[in-house]
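Q: I should be grateful for a close look at one buried residue in a loop of this structure, and at what surrounds it. Please then place it in the wider context of the cores and pockets.

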Amino acid sequence: MRKLLLGAAVLLALLGAMSHWRHRPLHPLPGVLAAEPPEQVDLDHGAQLQRGDITLTTRAHFDITARVLSRRDYSWGADADLVPEDLALGWGRMSDSDVLANIDITQSGRFYYWHVKEFPIPRREIETSSANMHMIPADPGVRRELEQVRQGQVVHIEGFLVDASRADGWHWNTSMTREDTGAGACELVYVESLDIVAP
């Protein structure tokens with residue numbers, strides 16, 4: 001029994017090491033890698049998509065090319081099946097390695113946090129040129145692509161901003177602007193396609 005437990009522990013350690021290696025951060029050269037802000041086309045009458053007992057209502061078509069500042073996977077909790085991954089994304093000067101070298105970035109509890117000792121760019125530019133986005137894969141293929149994304153890559157994502165709800169009253173609404181901060185400022189993105197732009 002002891003050998004079995006030891007073997008299981010070694011296997012878990014190996015799997016953890018492989019996952020860490022597969023998702024190790026990349027370190028691109030300085031320069032703006034994703035110059036343009038996300039493109040959003042609001043919808044007057046959104047479609048409804050069903051994911052089990054959850055209804056997704058499309059609010060806007062969404063198209064973004066951005067640098068991955070951080071990623072966080074979720075495998076536990078009521079919302080992990082719907083949203084298995086969050087990506088903190090940056091565009092404009094928030095995609096430049098020289099700027100990001102002066103910003104500590106973390107994710108926890110579905111939030112994205114940043115900290116600076118001295119601002120490399122104005123605070124408001126950090127706030128409006130980056131966001132934590134909750135990723136809802138449209139199908140298993142997109143989910144596999146999301147699982148391969150690494151910090152430092154530039155990704156192109158197309159899909160929809162959506163609100164999620166259940167008949168019991170539970171709801172999770174998307175942000176509809178890049179101008180907000182704090183609770184409720186994250187985008188809930190139904191990802192139809194994802195491409196690695198660089199490197």
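A: In this predicted model, Tyr-74 is found in the loop that runs between β3 and β4. Its relative accessibility is 15%, and because buried means under 20% relative accessible area, Tyr-74 counts as buried.

The surroundings of Tyr-74 can be described through its contacts. Apart from its neighbours within four places in sequence, Tyr-74 is in contact with Ala-80, Val-83, Pro-84, Asp-86, Ser-108, Gly-109 and Arg-110. One of these, Arg-110, is 36 residues away from Tyr-74 in sequence, yet the two C-alpha atoms are 9.1 Å apart in space. A polar atom of the Tyr-74 side chain lies 2.9 Å from the backbone nitrogen of Arg-110.

A second loop residue may be set beside this one. Thr-174 belongs to the loop between β9 (171-172) and β10 (187-198), and with a relative accessible area of 8% it is also buried. The side chain of Thr-174 has a polar atom 3.0 Å from the backbone nitrogen of Leu-188. Not counting residues up to four places away in sequence, Thr-174 touches Arg-59, Leu-161, Val-162, Asp-163, Cys-186, Glu-187 and Leu-188.

The wider context begins with the nonpolar cores. The largest of them has 20 residues, and among those with the most contacts inside it are Ile-64, Leu-87 and Leu-89. Two or more of its residues come from each of β3 (54-73), β4 (85-90), β7 (130-137), α4 (140-148), β8 (154-166) and β10. The largest share, 5 residues, is given by β3. A second, separate core has 11 residues, including Leu-56, Phe-160, Ala-164 and Leu-188.

The pockets complete the description. The largest pocket has a volume of about 320 Å³. Its lining consists of 17 residues, and Tyr-112, Asp-180, Thr-181, Gly-182 and Ala-185 are those that lie nearest its centre. The element that gives the most to this lining is β6, with 4 residues. By class, the lining has 8 nonpolar, 5 polar and 4 charged residues.

The second largest pocket has a volume of about 270 Å³ and is lined by 13 residues, of which Arg-67, Leu-100, Ala-101, Ile-103 and Gln-151 lie nearest its centre. Here the largest share of the lining, 3 residues, comes from β3. The residues of this lining divide into 7 nonpolar, 4 polar and 2 charged.

Key: Residues are numbered from 1 along each chain as its sequence is written. This is a predicted model: local features need pLDDT of at least 70, side-chain atom pairs count only at pLDDT 80 or more; totals for chains, interfaces and linings use all residues. Side-chain values use heavy atoms; hydrogens and water are left out. Buried means under 20% relative accessible area, exposed over 50%, partly exposed in between (1.4 Å probe, protein chains only). A polar contact is a pair of N or O atoms within 3.5 Å; within protein, one must be able to donate a hydrogen and the other to accept it, and residues adjacent in sequence count only if both atoms are side-chain atoms. Contact means heavy atoms within 4.5 Å. A nonpolar core is a set of buried Ala, Val, Leu, Ile, Met, Phe, Trp, Tyr and Cys residues joined through side-chain atoms within 4.5 Å. On a 1 Å grid over the protein atoms alone, a cavity is a set of points where a 1.4 Å probe fits but cannot get out, and a pocket is an open set with protein on both sides within 12 Å along at least five of seven lines; lining residues have an atom within 4 Å of a point. Grid points are joined across faces, edges and corners, and a volume is the space filled by probe spheres set on the points. Ala, Val, Leu, Ile, Met, Phe, Trp, Tyr, Cys and Pro count as nonpolar, Asp, Glu, Lys and Arg as charged, and the others, Gly among them, as polar.
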